[in-house]
Amino acid sequence: MEALQRVVRTWIASEQEEEVDAAVSEITNGSATLLDLVKALGEYLTSEEDELRTKGVEFLSLVIGKSPPEKLSRQSVRVLVSFYCGKLDDTETIIPALKGLVSLTAMPAFASTDAIEVMNALVKHVRMKALVQSQRLMVYKIVDTLLAKHRDALKSMGKEFLSGYIALAEGEKDPRNLLLAFSIARVLLLDFDISAHIEDLFNVTFCYFPITFRPPPDDPYGITTDDLKNALGACLNSTPQFGPLAIPLFLEKLAAGTPATKRDTLKALDSCLPVYGPSVARTHARKLWNSLKLEIFQPTDSVTEQAALHTTQVLIRTIYAGSESEDQSSEDIQGLAKDACEECIQILREPEKSQAKPAIKIMCAFMATTPSVARFTLSQVTPHLVRLYLNPDELPNRAPTLGLLADVVAAARDSMPTDPEILPAEEDTPLAPYKDEVLGVLTVGLTPGSSVQPALDGLKALVTTRGLLTDEELGFVVHKINELLQDGQEENEDISDSALDLLTTISASAPRHVSETTLPLLFSALPDRAPPRDAQSERLKYWRTLASLTRLCKQPDLFETLVVRLLTKLDLICVPPPTTADAAGMDTEPSAAYAHSILRTIVDVLSAKVELGHADVIKYIDRLVPRLYHLFIYSALMSNGTYLVATDPRLVSVASQIITLVVQTLSAQRQETFVKALFAAYHRDDVKQLAEGHQKIPTDKSFGPFASNAPPVQKNLLALYAAAITALHKEVALPDPGEGPLLNQLLLWSVVDADNILQRDAAAHAIASILNKRTEGLSTFLEERLDLFWKDEVVTSERPPEARRQAISTWTWMTKALLVRGDPRGADLVDRLFELFGDDKVGWDAARAVGGAVATDKILTKKNHAVIKFLYAQKYCNSVLPRIIEGAKSSEDPQRQNAYLVALTSLIKSVPKTVYAHQMPTLMPLLLRGLDLPDFEIRASVIDTLLATAESSSSSNAKENGIIAEHASSLVSTMLRNSMIKEMPSMRVRVAALRFLSVLPSAVRYDVLHPQKATVIRELWKVLDDPKKAVRKEAVEARTNWYKFSG
């Protein structure tokens, strides 16, 4: 007791938190009781000095707030409740008393009788207007706790409680308190008998509508406008008894409010109308409709228009949902729905007028309300539009009429149940009674003219309505689309795209019709021979046909037909009859271009199918891949030094993409079978297992692309070999000669035998893929063979510079293979590249390789089953970037210093911006130096990096301390220099520099750039005479931005 008295005296003097904790500790460990504390505080609790009395009650409240609930007995709580309620009448002690009650009301020993006593005391003694926000919040917390724990006791108080709380809550304005006040009000509205207080509760809630609060910048409380709107909305829709009072208020806000107020009102109506019920909705239906109609027919903006349409749907649902019956027919509809439909039909008598579109939107909205209203709406609008279309007097208005009908069909489709597993019955398909008439006018609308596009839109909606059209009717639609395409409409891109889109949609459910009728038409449009070089229109025609086939043939059955027919065309082009092939002076370029387009079509469709996860792709390892190998191997063997179409390296390159796409989808087991056939053909001249086609491969000629004396056309086919190797799973075992010997062979071949970039890239890709997936058994290759390769092919000055550059490219791919999988030996290979920075012949190539080692590529990817470690690029960048920065800053040798700058530009081009963004203050001076390097590609990369930084500064409004602002003056002068054709011959650099100048005003403050403004506008005037249109376009935009730039 004495210790407690000492603690009390110390706290009264110092108000230290430690004294409160000490008192709580005394009570918790049983050394003292709350009664002892009250006795110790006795003289302070009853002191005539206001300050001492306030401190006494404050200390008691603080201790109770921290004391364990079990230490407060029922008797203690009852006594304390009475004490605190008495202190509410004392203006000096009301604040600490409220603190104490906040803690007490949450105690288990707090009883219902206490709740009534506390509530009465609050109503009697507390004057909310005299309290500040935090003090009023305590009152709301007390009431909230009482409602949560002792609701029945408060209900027993009847009108006394409700009127008392309304008096407490009236006039509250602080958002922090309103959130709690709204939640309390919702409980009262839902759970209490409020019939005698409806108007009062309406006044204390609806007075806040609509919420206009905007949180201040950096608001520490985190209360948003939406928080308040949602809390208030939960009150507004809590009871149907608000309906008669609320609707007139909502109408008033709709009539006179701003667009934001109107949207808030419409949202409130959406949630309130179903609660207020059909009776209230019917009573105010006409007034609501008049207000909503105004927002739809004369919208202030599209968002408000959509909100008004949605509220109209809610109103109709509310009115008719309660009276909906199974056998209710569309003729039984009375009231607002009927009146509104008749009003809209009247407007639709003139479909070309601007009001027709809003009218049809309303009709479409009605179809997503109730089944009976949807049926009634369709029964009114569909026959009307069909009659209007067929009326000879309305011939000029057919296109807008079909546009309106297409909207109706789409709305009817969208109103149906969406369960894909259940085919809807005819009675659940609203359009079923009007199907024939609608299909008839839509197909008539396909006659070339202005009505084609809306007709296609309507047919797509019709076709996508589940269970509506029969298979025969789908065939009829396909037939009409084919006629449309045959009438020359393929030249109209919009019409052609829509027609193909419709056919693609039909092919998903009924591919037979497209396969039997559309595809033959398209294939017949493809010539068997390439049009001559000057036949522009014929070439354009086959491009369009192939583009159509690309769009159409993703569905498995259609793709199978596509592959068969295009392979046949390919054979006709690439393996012509001897008389044609031997024609002297024949121009082969058109044939190569045609074959390239065919192969490109297969690549594009296959890529789409792989992205979509189609399971049928795997079967083309037997139906497509062998035919390709056969075509190219046969052509290589038969060329005898003469040009055959299929020996063109460009065709080989595209075909390799097809092989990769198919092989990457195979299982490891199937790949293993395939790779045996691949190795047998390429390493042992046994092509029978791999190649399969109509032409017989000559037995008197050998296929050996790895042989040192192999002709270039055979060596080019290593691209098809590498295309398969790169797509293998790492589990697939490579046949003889095995991984190590194969890597040695490929590396040697790339140096000694490879003749062109296609061959060297193929070898490098194969090496990288094998190395990435199979490092475990390749230590000898990595430690010994690569060391020899580095010394003999890269470092030595005896080799020609071009050969050394090619060797560095191969080295980069091997480095990439290791870095991607997180192998530490990759870092050793990078270190060697740094050693070359001082070489005046290949130093810059080595520097580019440092960055290129982590650039994204299409070979080492997850789809190709490469081993890729998470965040490998970021880890690599964090490892080498400090070294590059240090070298660029401190190197005394200008050659090495410039090489480090090249490495920097290459690296930042290869990795995500987030990896180096934090280093931009350090990088900026180096990047500016990079703009003085003679290599145009490097300059363009630097400007692209600076442009990305400027755009991020612009979007984040970081103008005050942006890194761009610090160097604005030098950046402006450098970019102006790089935008002038007399200074910069590269168009890419000029365009990049102008784009940077264009974005600069939005990234840097006006006061920083103002001194440069006149110079920039004057200098950009000169760029407007640039011979390149792309440059002039960027110059106009940049000059406009600077001209408008002001403080």
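**Exercise 1. Where does Pro210 lie, and between which helices is its loop placed?**

Solution. The model treated throughout these exercises is predicted. In it, Pro210 belongs to the loop that runs between H12 and helix H13 (225–236). The next step is to look at the peptide bond that joins Phe209 and Pro210, which is cis, with omega at about -5°. A second cis peptide bond is found between Asp736 and Pro737, where omega is about 20°. Pro737 is likewise placed in a loop, here the one between H36 and helix H37 (739–752). As background, most peptide bonds are trans, and most residues other than glycine have a negative phi.

**Exercise 2. Examine the backbone at Asp685 and at His865, and state where each residue is found.**

Solution. Begin with Asp685, whose phi is near 60°, a positive value in a residue other than glycine. Asp685 sits in the loop between helix H34 (668–684) and helix H35 (712–715). Its relative accessibility is 35%, and Asp685 therefore counts as partly exposed, since that class lies between the limits of 20% and 50%. Turn then to His865, which is not a glycine and yet has a positive phi of about 65°. The loop that holds His865 is the one between helix H42 (843–852) and helix H43 (872–890).

**Exercise 3. Describe the largest cavity by its volume, its lining and the elements that supply the lining.**

Solution. First, the structure holds 2 cavities of 30 Å³ or more, and the largest cavity contains about 80 Å³ of space. Second, its lining consists of Tyr165, Ala169, Leu178, Ala181, Phe182, Ala185, Leu201, Val204, Thr205 and Tyr208. Third, when these residues are assigned to elements, helix H10 (159–169), helix H11 (175–191) and helix H12 (198–206) are each found to give at least two of them, with H11 providing the largest share, 4 residues. Finally, sorting the lining by class gives 9 nonpolar residues, 1 polar residue and no charged residues.

**Exercise 4. Carry out the corresponding analysis for the second largest cavity.**

Solution. The space in the second largest cavity comes to about 50 Å³. Around it stand Leu567, Leu570, Asp571, Arg627, Leu628, His630, Leu631, Gly693, His694 and Gln695. Two or more lining residues are given by helix H28 (556–574) and by helix H32 (625–638), and the largest share, 4 residues, comes from H32. By class, the lining of this second largest cavity contains 4 nonpolar, 4 polar and 2 charged residues.

**Exercise 5. Characterise the largest pocket, including the residues nearest its centre.**

Solution. The volume of the largest pocket is about 650 Å³. Its lining is made of 24 residues, and those nearest the centre are Ser656, Gln657, Thr660, Lys858 and Ile859. At least two lining residues come from each of helix H30 (589–612), helix H33 (649–663), helix H36 (718–725) and helix H38 (757–773). The class division of this lining is 9 nonpolar, 10 polar and 5 charged residues.

**Exercise 6. Compare the span of helix H50 with its expected value, and decide how far the helix is enclosed.**

Solution. Helix H50 covers residues 987–1003, which is 17 residues, and from its first C-alpha to its last it reaches 24 Å, close to the 24 Å expected at 1.5 Å a residue. For the enclosure, count the buried residues: 13 of the 17 residues of H50 are buried, so the helix is largely enclosed by the rest of the structure.

**Exercise 7. Why is Cys341 not bonded to Cys344, and how many disulfides are counted?**

Solution. The criterion needed is that two cysteine sulfur atoms lie within 2.5 Å. For Cys341 the closest cysteine sulfur is that of Cys344, and because the separation is 6.6 Å, it is too far for a bond. Cys364 is in no disulfide either, the nearest cysteine sulfur, again that of Cys344, being 10 Å away. The count for the structure is accordingly 0 disulfides. As for accessibility, Cys341 counts as buried at 1% relative accessibility, and Cys364 counts as buried at 15%.

**Exercise 8. Summarise the secondary structure of the segment that UniProt annotates at residues 38–298.**

Solution. An unreviewed UniProt entry lists residues 38–298 as "domain: MMS19 N-terminal". Over residues 38–298 the chain is 72% helix and 0% strand, while the end C-alpha atoms are 71 Å apart.

Notes:
Residues numbered from 1 in each chain as written. Predicted model: local features only at pLDDT ≥ 70, side-chain atom pairs only at ≥ 80, totals over all residues. Heavy atoms only, no water. 1 Å grid on protein atoms, 1.4 Å probe; cavity = no way out; pocket = protein on both sides within 12 Å on 5 of 7 lines; lining within 4 Å. Points joined across faces, edges and corners; volume = space filled by probe spheres on them. Nonpolar A, V, L, I, M, F, W, Y, C, P; charged D, E, K, R; others polar. Buried < 20%, exposed > 50% of the residue type's maximum accessible area, 1.4 Å probe, protein only. Expected span 1.5 Å × (residues − 1). UniProt positions renumbered as here; feature names shortened; annotations may be inferred.
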